[in-house]
Amino acid sequence: MGHEVRGVVAPSKGAPVTVTTVQVPDPGPGEALVAVQACGVCRTDLHYREGGINNEFPFLLGHEAAGVVEAVGAGVETLAPGDFVILNWRAVCGHCRACRRGKPWYCFATHNATQSMRLADGTALSPALGIGAFTEKTLVHSGQCTKVNPAIAPEIAGLLGCGVMAGLGAALNTGGIIRGDSVAVIGCGGVGDAAIAGARLAGATTIIGIDVEERKLRWASDFGATHTVNARECDVVAAVQAYTGGFGADVVIDAVGRPETWRQAFFARDLAGTVVLVGVPTPELMVPDIPLLEFFSRGGALKSSWYGDCLPERDFPMLVELHLQGRLPLEKFVSETITLEDVETAFEKMQRGEVLRSVVLLP
C-alpha cells in the first residue's frame, strides 16, 4: 500500500532543497520502515545537494537519524515494531573479505533497501547514504537499524549515526588513544569536537584543539580540550610541540581533510606517533610533497578513519549508555532543533560556522 509523507529533496545540483511529498513503500524482504523522530543536518547532506558525491539527482537528504520501527519485511528477525533505533550506513554483509577476516567495520558490501522511495510523480529518489531521513518515514535495510536504549533523546541519539560517531571513532577506534596520551585535533567543528570528547573519554591528559575561529576553540574547550591554538595566529606544529614538552602529540587527528592540515598533522606528531585523517577531502586534493625519508625516519602510523571505523551494533549501544551515565556529553552537539522547512537555512548556518548541529525534529 505504501505511505505518503513529507520529505526534503535536493532536486538538482546546487538548487535549494524543497519539502515535498514522498511515497514510501511498505517494507519488503530484509527491509524496515522507520518513523523518523530526529535527523541531524550533516555537511555530507550539503555535499549531496552540491553534487559533490554523485549526480544521481533527485536526492532524498538526511542520514543522521533516530526513530521507531513501524514495520519489518519478511525474514527480519532482529527487529520488531516499536524498537527505538539509530540509523546507520554500515549494514555489514557478513560475507565479504573484510567481514570474513573479522574486520566488519571495513565491510565492502554494505546493505541498503532494495525498493525505491519516490516523488509523487513516480520519480525514484536517491537516499543520502542509503538512508534518506529528512522525512517523516523512511525505508532502509534492517541492518541499517541499530537498537539502543530508548531513554536517550532522539535528537541526541541520531547524531551517533554519522558525524559524532566519525569523530569519536577516530579517537577511540582508529587512533587507539589510551590513558596518558597527548592528542591534537585540527578542526573543531562537530567531527573534531567529537574526537576531543573521545580523547577525553579515553583518558588523554593533553588535548589540543586547533582551529581558525575563536568560537570553535571555545567549543573545543567545552568538550575537553586542555589547550587551544588559533592557527591564524601561530605556527601549528610549534604550538603543539610547545604543549607536549617539545616532542609533538602521540595522536594527531585531522578533522579538516586538506593538504595543508594533513601536513601539519604529519609534523605535529611525536616520533612513532599516529596521524588520523577523518576530515573528508575533495577528489582533486593531493598528499602534500613530503620527503620520503620523513615517512621512514618518523615511524608511527598514517591512518584514515572511515565512519570512525565503527561497528554500529557494537559502538552505538555502548556510547548511548555512556551518555546516559553522564560520561559523554552528546547533548552539547545540538545547537538548535528545527523543522523540515528549515533545512536550507541550517545549511547556511553550517557554512558560516554558527552551529555544531542543527537537528530536525519530526512529530
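Where is the place of Tyr307? Tyr307 sits in the loop between β16 (301-304) and α10. Keep in mind that this is a predicted model.

**Odd backbone spots**

That loop is a good place to start looking. Most residues other than glycine have a negative phi, and most peptide bonds are trans. Tyr307 goes the other way, with a positive phi near 55°. Tyr307 also counts as buried, because its relative accessible area is 4%, under the 20% cut-off. Asp309 is found in the loop between β16 and α10 too, and despite not being a glycine, Asp309 has a positive phi of about 45°. At 5% relative accessibility, Asp309 is buried as well.

Elsewhere, the peptide bond from Phe57 to Pro58 is cis, with omega near -5°. Look for Pro58 in the loop between α1 and β4 (59-60).

**Helix α10**

Follow the chain on from the β16 loop and you reach helix α10, residues 312-324. Its 13 residues, at 1.5 Å a residue, should span 18 Å, and the end C-alpha atoms are indeed 18 Å apart, so the two figures agree. Which residues of α10 are buried? They are Pro312, Asp315, Phe316, Leu319, Val320, Leu322 and His323. Viewed down the axis of α10, these buried residues fall within an arc of 160°, so they line one face of the helix. What covers them includes the strands β6 (84-87) and β10 (145-147), along with the helices α3 (154-157), α4 (163-174) and α5 (190-202). Just after α10 comes Gly326, with a positive phi of about 85°.

Further on, Ser335 lies in the loop between α10 and β17 (336-338). With 37% relative accessibility, Ser335 counts as partly exposed. Leaving out residues up to four places away in sequence, Ser335 touches Val355, Leu356 and Arg357. The C-alpha atoms of Ser335 and Val359 are separated by 7.9 Å, though the two residues are 24 residues apart along the chain.

**Helix α6**

Now for helix α6, residues 214-222, where Lys216, Leu217, Trp219 and Ala220 are buried. Down the axis of α6, the buried residues fall within an arc of 155°, so they line one face of this helix. Their cover includes α5, β12 (206-211) and β13 (227-230). After α6 comes Gly224, whose phi is positive, near 125°.

**The pockets**

Here are the two pockets side by side.

| Pocket | Volume | Lining residues | Nonpolar / polar / charged |
|---|---|---|---|
| Largest pocket | about 1,500 Å³ | 50 residues | 27 / 16 / 7 residues |
| Second largest pocket | about 340 Å³ | 20 residues | 8 / 8 / 4 residues |

In the largest pocket, the lining residues closest to the centre are Arg43, Ala255, Val256, Gly279 and Val280. At least two lining residues come from each of α1 (43-49), α4, α5, β12, α6 and α8 (259-268). The largest share, 4 residues, comes from α1.

What about the second largest pocket? Closest to its centre are Thr78, Ser142, Gly143, Cys145 and Glu313. Two elements give two or more residues to its lining, namely β10 and α10. The largest share here, 3 residues, comes from β10. Both names have come up before: β10 is among the elements that cover the buried residues of α10.

Terms used:
Residues numbered from 1 in each chain as written. Predicted model: local features only at pLDDT ≥ 70, side-chain atom pairs only at ≥ 80, totals over all residues. Heavy atoms only, no water. Expected span 1.5 Å × (residues − 1). Buried < 20%, exposed > 50% of the residue type's maximum accessible area, 1.4 Å probe, protein only. Arc of directions from axis to C-beta. Contact = heavy atoms within 4.5 Å. 1 Å grid on protein atoms, 1.4 Å probe; cavity = no way out; pocket = protein on both sides within 12 Å on 5 of 7 lines; lining within 4 Å. Points joined across faces, edges and corners; volume = space filled by probe spheres on them. Nonpolar A, V, L, I, M, F, W, Y, C, P; charged D, E, K, R; others polar.
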